[in-house]
Every structure is written in structure tokens, then in C-alpha cells.
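Biologist: I should be grateful for a close look at a single part of this structure, followed through its neighbours in one connected account.

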Amino acid sequence: MTGADDLVLREQTGGVRTLTLNRPEARNALSLAMLHALQGELTAADADRSVRVVVLAGNGPAFSAGHDLREIGGDDDPERHRELFETCSDVMVQIAELSQPVIASVAGVATAAGCQLVATCDLAVAGRSARFATPGVDIGLFCSTPMVAVTRAIAPKHAMELLLTGELVDAETAWRMGLINRMVDDEDLAEATMSLAEKVASKSAAVVAAGKATYRRQLDRSLADAYGIASTAMVDGLAHPDAKEGIGAFLDKRPPNWSES
């Protein structure tokens, strides 16, 4: 059995912090304890200026099979169920609002809340053998909370097909749907994910954080409101030292020297 202290493993290389879900015996099912552990790790990463990018991965044959059905099915208390789903929702919002970009590195299956986790991340890289599904409909429990993330990540008809059929789709289909950014050979997954993470980590942390926040703010607004938000962000961005440094470096044909904040 996996202890509470090692439900999420932490490793850092340069500015990239990898958080690995560590319940391989349960296909990394998102128990309440694991969700609390992930909350704590995300909070720690957000507060650590050395962390430029967060990678989420899974230990063992699955990225995450979603919620722990043994935990759900073994408890008839609606308040415990509410706590579980509200905690999971809080984690998803935390990922979306994290100052650093979050990249899912997907090996094996990502189903139900595991698929929700992939859809919530800013970027996703998957091995060719990865599979994705929102199969709640198969067990009489529609994937309503995964639906929130999935419908914000892919086109409506693709989302409805996943939700209504519960069928597993392969990595190529997920890539065509827009659920993942890149599909690579399984043996290249870790290297490809790290390469993408390091590329993002090489940019100004302040600019990336502001850009991610602006992206979220304008996403569901009217066209006029979105341009208003984006224009203000551009004006504010130009006042930041990293914009001055970046423009100067471009004109001087030299690498930029970003600030630390």
C-alpha cells in the first residue's frame, strides 16, 4: 500500500518540477487523500520562485483512472461525496489558476477524472499507447465534473461523443480532437515532455504567469471585452523590465537575460 506521504512524488530538474501520482496499484485513482496531497504540492510549487513549469505524470501503467470507485461505492454519505467532488474541482481550478504552466505527461489510460486532469492542464503530451475516455455513462454516473474541463478543451461534438459513448479513444484521436498537444512514441514520452517544459521554462516567468492569467480572463468574454483585457495586459506588459530586456535583446541580436520575478 502507498502511504499518505508518498501519494504524490516530487522531483525537480532546473525550473521544471514533476509531480507524479503514485498509486500504481490503484491505477492512480484520485482518492480524497491523493487530491489533498496534490493540492499541497501545487500550493508549494506556486510559492516557489525556482519552479517555472509543473509537469503532472502518473506512476505505473496508468496516468489516472479517475475517481476511486471503491471509495465512492463504499460510502453512501452524500456529504462525503460532496467533499470528494468539491475537492477535485478545487484542484482543477488550482491548476488553471497556478502561476506556472502545467503540462500533463500521459502514459497509459486517462479516464473520467483522469481525463479531466489532462483537459485541465495547459499543455499535454501523450505516448502513442495512451487512451482517453469519460466512461461514467457506462456505470450509470454521467461524467459531469470531467465534462467541465473537457468541454473547455475540445470542440462540442467531440466532447459530447466522449461523454455520451464512454468509449476509449487513442492518442492520435485525442490529438486530432485537441485534447493533447503532442503524441510521441512511448519510450520518448519523458524526454519529449521535458523538452517542451524546458522550452517554456526558458521564457520570462513573470511574462508567462501574466500571459496565462490573461488567457484565462479573456477566454469566455465577449470579443470587445476580450480585446479590452488583452490591450490592458499589453500596456502593463510593456512596463515590465522583461519586456524592455526582451525587445533590447532582439534588437541587439543577443539572448535575453530575464529577471527572476
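Modeller: A residue is called buried when its relative accessible area is under 20%, exposed when it is over 50%, and partly exposed in between, with a 1.4 Å probe and protein chains only. Strands (E, at least two residues) and helices (H or I, at least four residues) are DSSP runs, numbered from the N terminus. The model is a predicted one, in which local features need pLDDT of at least 70 and side-chain atom pairs count only at pLDDT 80 or more, while totals for chains, interfaces and linings use all residues. Residues are numbered from 1 along each chain as its sequence is written, and side-chain values use heavy atoms, with hydrogens and water left out.

The part chosen is strand β5 (residues 102-106). Because 5 of the 5 residues of β5 are buried, this strand is largely enclosed by the rest of the structure. In a regular strand the side chains alternate between the two faces of the sheet. In β5, V102, A104 and V106 point one way and I103 and S105 the other way, and all are buried.

Two strands count as paired if DSSP finds at least two bridges between them. Strand β3 (residues 53-58) is joined to β5 by 3 bridges, and the two run parallel; here V55 stands opposite I103. Strand β7 (residues 123-127) is also parallel to β5, with 4 bridges between them. A104 has A124 of β7 as its bridge partner, and S105 stands opposite V125 of β7.

β7 itself is mostly covered, as 4 of its 5 residues are buried. From β7, 3 bridges lead on to strand β10 (residues 182-184), again in parallel. V125, already met opposite S105, has R182 as its bridge partner in β10.

A further sheet deserves mention. This open sheet of 4 strands has the order β4-β6-β8-β9 and mixed pairing. Its edge strands are β4 (62-64) and β9 (169-170), each of which pairs on one side only. Helix α4 packs on the sheet and touches β4, β6 and β8, its direction making about 95° with that of β6. Contact means heavy atoms within 4.5 Å; axes are lines fitted to C-alpha atoms, for helices over the stretch in contact, and angles run from 0 to 180 degrees between N-to-C directions. Within the sheet, strand β6 (residues 109-111) and strand β8 (residues 131-133) run parallel and are joined by 3 bridges, with V109 and R131 as bridge partners.
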